Amino acid sequence: MVTVRTLSDELLVKVFGYLSPAELVDQTPLVCKRWRDLCNDTKVWSTLDLHHHHQVSESMLRRIVWLHCSTRKLILRYRSDISSRSMIWCFFHLKNLRALDLSHCPQVNSRLVSAIVQFCKKLRNLNVNGCTGFDNECLLILTGCRKLRHLNFSECETVTDFGVNAMTSFLPKLNSVLCDGVLSLHDEVIETIVTKKCDTITDLQLDGGNLTDEGVEMLAELLYLRRLRIQYCDNLTDNAIQSFHCLRYLEELSLTRAHSFSTTGFVGAFARPHHFMRILEITECSGLDDVSLTAIGRSCPNLTELNISWCRNVTDDGLICFMERVPHLQVLKLQSVHQLCDFVLHISLYTPSLIHLNVISCSLIKEEDLLAVSAQLPDLEIAYNRDLGCSPKTTKMLRYFDVMSPRQFAMTNRLHRMSGAA
């Protein structure tokens, strides 16, 4: 019989990974000598995540860092209760820190960034997403962190072109820049990234509010780009998207609020094969139609995730033609694509690997069809409006959806019918 005592040290270390830091410090070591020794294993404390453990106080954080200074990844997301002084104290003791997540921490300012640069010499990954105190001065200070490779300063609204240009020029190993939600960025930033990081940048996220076609077209020179996300593409036209056909190694592409793109632009962008493309997100785009979707399916046969929510000109014919060409599709998000109806009947035939389907606010889809496909694909989760048969006005008022496994789907459907009969 397998008991806790018969488990190997490696398995116990993995089990301890599911415990909170407070339990690992105050309770688990008291069980026995073996557990005490395993609680001090460096693998247990390689990642210290306090985002989901708000019971860990500031004093306990100091105690943990003092006892286990081998931590390589520290997550303090949304921890506004921890003072900047304690954070700096932790940075001083965590000499091997590789990744640091301070997203949405109001304590982040130039003083804190200076401490990061001074003490965290091995830092590779920094996330300051949503930190209101992160500005151009912080970016200039951060240029001293020479080994930094991944930087996320999305939604840091005080950052401008000047700070991003300086940061890009003086961080030689930087290959991932995430700055969507930074509203004051212009084409000058793209020009600097292309000039300084043409052969190294692999991940780029931008806010398209102030970008023009000329700026986005320069992205075609980033030949090794793998992930590209542009939010709010309202000012961009087909000329911008057609330049993406040169990005041969692109694995993930996201374009939100792409109102001005048309069929011509999409057909041109996906005229060449994109065999590396795995994830594609094009939302709120009236120009995406059946012809565009067919071209995408022909160009991206290895696609595993597609999100075309609020692209209301897509019909069953176009989606079925697309599904025929992407047999490895696993995630399909179609929220508010109102013309869809019968494509559900073809899911098990063309996309048998599908595990998630989002048809929220697709009022023409029948609940019986969803029930049938869920029976054919046991692992499929479906996000849908509970009352698909009601009028669009009622559906909008409900604003309610479920994500269910097939068994939950069938049980809910049965109870719904029994309550109706009663």
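# A tour from Asn-129 to the packed helices

Begin by selecting Asn-129, which, leaving aside residues up to four places away in sequence, touches Ser-103, His-104, Asn-152, Ser-154 and Glu-155. Keep in mind throughout that this is a predicted model. Asn-129 is found in the loop that runs between β4 (125-127) and α7 (136-142), and with a relative accessible area of 16% Asn-129 is buried, because the limit for that class is under 20%.

Next, move to another loop and select His-54, whose place is between β1 (47-49) and α4. At 45% relative accessibility, His-54 counts as partly exposed. Show Tyr-78 and Arg-79 as well, since His-54 touches both, again not counting residues up to four places away in sequence. If you then add Leu-76, which is 22 residues from His-54 along the chain, you will find the C-alpha atoms of His-54 and Leu-76 separated by 9.8 Å.

From that loop, go on to helix α4 (residues 58-67) and display it together with helix α5 (residues 84-93); the two pack at an angle of about 5 degrees, with their axes 10 Å apart. Helices α4 and α5 are therefore roughly parallel to each other. To see the contact itself, select Glu-58, Leu-61, Arg-62, Val-65 and Trp-66 on the α4 side, and Arg-85, Ser-86, Trp-89, Cys-90 and His-93 on the α5 side. Coloured by class, the residues of this contact of α4 with α5 divide into five nonpolar, two polar and three charged.

Keep α5 on screen and bring in α6, which packs against α5 at an angle of about 10 degrees, with the axes 9 Å apart. That angle makes α5 roughly parallel to α6. Here the residues to select are Ser-84, Met-87, Ile-88, Phe-91 and Phe-92 in α5, which meet Arg-111, Leu-112, Ala-115, Ile-116 and Phe-119 in α6. By class, the contact of α5 with α6 has eight nonpolar residues, one polar and one charged.

The aromatic rings come next, and the count for the model comes to six aromatic pairs. For one of them, select Phe-16 and Trp-35, whose ring centres are 5.3 Å apart and whose planes stand at 70 degrees, so the pair is edge-to-face. This pair links distant parts of the chain, with Phe-16 in helix α1 (residues 9-16) and Trp-35 in helix α3 (residues 33-39), 19 residues apart. Phe-16 is buried, with a relative accessible area of 2%, and Trp-35 is also buried, with a relative accessible area of 19%.

Then return to the contact of α5 with α6 and isolate Phe-92 and Phe-119, an aromatic pair that is edge-to-face, at 5.3 Å from centre to centre and with 90 degrees between the planes. Phe-92 lies in helix α5 and Phe-119 in helix α6 (residues 110-119), 27 residues apart, and this pair too links distant parts of the chain. The accessibility of the partners falls into separate classes: Phe-92 is partly exposed, with a relative accessible area of 39%, whereas Phe-119 is buried, with a relative accessible area of 17%. Before leaving Phe-92, add Lys-95, which lies over the face of the Phe-92 ring, at 4.3 Å from the ring centre.

For the last stop, select Tyr-224, Tyr-249 and Phe-276, which together form one aromatic cluster.

How values were computed
Residues are numbered from 1 along each chain as its sequence is written. This is a predicted model: local features need pLDDT of at least 70, side-chain atom pairs count only at pLDDT 80 or more; totals for chains, interfaces and linings use all residues. Side-chain values use heavy atoms; hydrogens and water are left out. Axes are lines fitted to C-alpha atoms, for helices over the stretch in contact, and angles run from 0 to 180 degrees between N-to-C directions. Helices (H or I, at least four residues) and strands (E, at least two) are DSSP runs, numbered from the N terminus. Angles under 35 degrees count as roughly parallel, over 145 as roughly antiparallel, 65 to 115 as roughly perpendicular and the rest as oblique. Contact means heavy atoms within 4.5 Å. Ala, Val, Leu, Ile, Met, Phe, Trp, Tyr, Cys and Pro count as nonpolar, Asp, Glu, Lys and Arg as charged, and the others, Gly among them, as polar. Rings of Phe, Tyr and Trp (its six-membered ring) pair if their centres lie within 6.5 Å; planes under 30 degrees apart count as stacked, over 60 as edge-to-face and the rest as tilted. Buried means under 20% relative accessible area, exposed over 50%, partly exposed in between (1.4 Å probe, protein chains only). A charge sits over a ring if NZ of Lys or CZ of Arg is within 6 Å of the ring centre and within 35 degrees of the ring normal.
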